[in-house]
Each structure stands twice: as structure tokens, then as C-alpha cells.
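Please look over the structure shown below, beginning with a single residue and its surroundings and moving outwards from there to the metal site and the chain as a whole.

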Amino acid sequence: MKDEKKQPTASHTGQSRSEFDFIAALRQRVGPADKQSLIEGIGDDAAVIRHTASKETVITADLLVEDIDFRRTTTPPYLLGHKALAVSLSDIAAMGSRPLWSLITIGMPEDIWQTDFADRLYDGVIDLANRYGVQLIGGDTSRTTENIVIDSIVVGECTAGISVKRNGARAGDQIFVTGLLGAAAAGLRLIERGAHLAEQNLADDDSQKLDHVLLRQLRPEPRVGWGIVLGEEQLATSMIDLSDGLSSDLNHLCQASGVGARIESSLLPIDQRVAELCGRRALDPLQLALHGGEDFELLFTVKPENVARLPRRVDGVEIKRIGEVTSAPEGVKISEGSRVWDLKPGGWKHF
Ligand code: ADP
Ligand code: MG
């Protein structure tokens, strides 16, 4: 979850600064990747390092902080462990690469440490790791004064030269997304209004829909299979995972590639269960799909001549074409019939 009440704070200079400005400044300080051993440094979903002529290593880190990224009272530890690993697997998938190893670092207050919380958390980590042949190889354990923090590092690999960056989109490429959008954000809003997972034996049709939406928030499924196929088959020209929200992440991808984009609202694969549950609760499925975040689907671009080579589904997950890459001056737009708007980044910001 992402707590929307913790919005911009002023820095010591008195001006608010975004996470993206901070990361851009870091990139400047460390300089560009040398492209010999460091293929990609700060700025993409993961860093890429070349060790041998044939393979590259791909590394990503993600931090989950209690009361910012999740709440102890609404997130069972098993699902928290799952999510900590899942968000990093998603970044490796977004590089078109295969995950291999995981390092998990935990910090928690003494009272939580004395319960079985950490054991259940690692049940979630290890079950997901086993599903994808990922091995837990290390981490660190420490105490905090109040909040639980979990840092997840995943190391993966790909054939040298084929990792998929955010910067490869070109005008005319077709824009695709895996899976369905909007349910993770809907799930967060419903959790904040007091919804919780149903007892399994009580699950009627409506509570099954509710559970589906809540689990999209609490138990995201990284698109590991799609990431590997799109990378190894060299089908995607650029890719990013949808962590901040489609509007923000499409803007990140377009900025990195120096292009514009036009997506069509009627093509967006909005999760039907969001529409069914949210209509009654005054939540707008289109807004959730565009700006909600945490769907952890893959957003990628494909050259028109390669579209026919795309598999229909991988691991039971389908893809949907949602628009086309345009030139930079055309900006990032969304159309509905003949009406066209700017698609401004409206997703999650940490600061
Ligand atoms: P994602 O949402 O895909 O995990 P982020 O927006 O967190 O990506 O990070 C974007 C890029 O900035 C990544 O390359 C990441 O490694 C880098 N980055 C983020 N925070 C830091 C930091 N504190 N120090 C160095 N690099 C960072
Ligand atoms: Mg990412």
C-alpha cells in the first residue's frame, strides 16, 4: 500500500524536491555507465553489469517501509514477504531478464521479533522464490525502534546485449500492457475503508470479487514469464513495470526514450471486477487504472513488424495493445474517440 496522506514534504532548503530530481542528481554525480562492464547504472528498473562475453547480471533493490508502503494491521506477514520479493522480481522482468538470487534484509521492533512474524514473512518470500527457481542467498537482520522495514534485492541475468531498457521506444512502435489494470489501487482504497480478506469458507460471489481486488494490492504477481519471453525473443524495444501508475510510468518511459505516446482509453484492459465493486463506492475505474499504481504489470513497446510474433499469453496472462509511440513534440496523450488530452503523471510519488 502507499499512504497518500504522506504527500510532499519540504526539504531543508525550504523547497520540496521530488524523488526523481534526487535520483537525477545522483546520476549526474556518479556519471554515465561506461558500457564496457556497466551497461546500465542508476535510472532504469535495474542495473545491468557485463561479466562475461555472453551473459549480463541484472540487479535491483526495493524498500518496503511500514506505514508508508504497508500497514501491519492489514497486511498478513506471509503476504508482506511475498510482496517484498514480488516487487523486485517485477523490476527484473521489466529488464527482460531472468531472476536467480534474492537477498532480504529486515528490521523490526523487539515485540514483533518475539512473535512468529519473521517466520511467516519468510514463508511468503520462499514460496514465491521457489515458484520461479529463485534462491535466497543472504540479507541482514536488525532491530528498529518502531517500524518494520524490508529491503529486497534480486539478482538476475540475461544474454549479453538484450536487456530491455526504458530508453528504446521509437515513434511508430506499438504500446502493450500485460494483464489487467486498476485492481491494486482499488484494493488499497477498499482496505483503507476497512475491507479485509474473507474467511475462505464464507466466500460468496461478491466476497470473491472483493478478495481478488484486495489480493491484487496485497499479493502482486510479477510477470516473470513475460519478462523473459520479451527479452530473450527480443520483442520489446523498451519496457517498464507499472509500480507508480500507468500515467507516471508511461511518462518515465517516454522521457527516457525521447518520444511521445498516444494511448486510447477504450483499449485499456481495466479489471472488470474493479468496475463491478467500485461503481457502488464512488471510485472511478479509469482513474484507478491510469493513476493508481502497484498493478506490477509490464508496459512495453514493440516494432510494428514484430507485433505478429508476440505470444497471445504467457503463464495464462494475456497482453493488450493500448496505443502507439509518437514523436517527442506530440507529448504523452490519451484519447477517447475524437477527444484528446495530455496524460500527465498522476501516479505515486514518495515525496
Ligand atoms: P523502480 O520503481 O523501478 O524500483 P525507482 O524509481 O525506485 O525504480 O528507481 C529508479 C532508479 O533510481 C533505479 O535505477 C534505482 O536503482 C535508482 N535509485 C533509486 N533510489 C536510489 C538511491 N537512494 N541511491 C541510488 N540509486 C537509487
Ligand atoms: Mg520498476
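**From one residue to the whole chain**

In this predicted model, isoleucine 263 touches Ile175, Leu246, Leu250, Leu268, Leu290, Ile322, Gly323, Lys333, Ile334, Ser335 and Leu343, when residues up to four places away in sequence are not counted. Isoleucine 263 belongs to strand β9, which spans residues 259–264, and its relative accessibility is 0%; because buried means under 20% relative accessible area, isoleucine 263 counts as buried. Between isoleucine 263 and serine 207 there are 33 Å in space, C-alpha to C-alpha, and the two are 56 residues apart in sequence.

A second residue to consider is glutamate 56, which is placed in strand β3 (residues 55–65) and is likewise buried, with a relative accessible area of 1%. The side chain of glutamate 56 takes part in a polar contact of 2.5 Å with the side chain of arginine 50, and it also reaches the backbone nitrogen of glycine 161 at 3.0 Å. Both of these partners, Arg50 and Gly161, recur among the residues that glutamate 56 touches, a list that also includes Ile39, Val48, Ile49, Gly156, Glu157, Cys158, Ala160 and Ser163, again not counting residues up to four places away in sequence.

Which residues supply the protein donors of the magnesium ion (ligand 2)? They are Asp45, Asp91 and Asp241, each through an OD atom, and they lie 2.0 to 2.1 Å from the ion. Along the chain these donors follow the spacing D-x45-D-x149-D. Aspartate 45 lies in the loop between β1 (38–40) and β2 (47–50), whereas aspartate 91 lies in helix α2 (residues 77–94), so the pair ties together parts that are 46 residues apart in sequence. Aspartate 45 and aspartate 91 are both buried.

Turning to the chain as a whole, it contains 10 helices and 14 strands. Its radius of gyration is 20 Å, close to the 20 Å that the globule rule gives for 351 residues, and the chain is therefore as compact as a globular protein of that length. Taken along the principal axes, the C-alpha atoms fill a box of roughly 55 × 50 × 50 Å. Of the 351 residues, 50% are buried, and the accessible surface comes to about 16,400 Å², with 50% of it belonging to carbon and sulfur atoms. Among contacts between residues at least 6 apart in sequence, 83% join residues at least 24 apart.

How values were computed:
Residues are numbered from 1 along each chain as its sequence is written. Chains are lettered from A and ligands numbered from 1 in the order in which they are written. This is a predicted model: local features need pLDDT of at least 70, side-chain atom pairs count only at pLDDT 80 or more; totals for chains, interfaces and linings use all residues. Side-chain values use heavy atoms; hydrogens and water are left out. Donors are N, O and S atoms within 2.8 Å of the metal (3.2 Å for Na, K and Ca); water is not among the atoms, so sites may look incomplete. Helices (H or I, at least four residues) and strands (E, at least two) are DSSP runs, numbered from the N terminus. Buried means under 20% relative accessible area, exposed over 50%, partly exposed in between (1.4 Å probe, protein chains only). Contact means heavy atoms within 4.5 Å. A polar contact is a pair of N or O atoms within 3.5 Å; within protein, one must be able to donate a hydrogen and the other to accept it, and residues adjacent in sequence count only if both atoms are side-chain atoms. The radius of gyration is taken over C-alpha atoms; the globule rule is 2.2 Å times the number of residues to the power 0.38. Accessible areas come from the Shrake-Rupley method with a 1.4 Å probe; for residues, only the protein chains shown count as cover.
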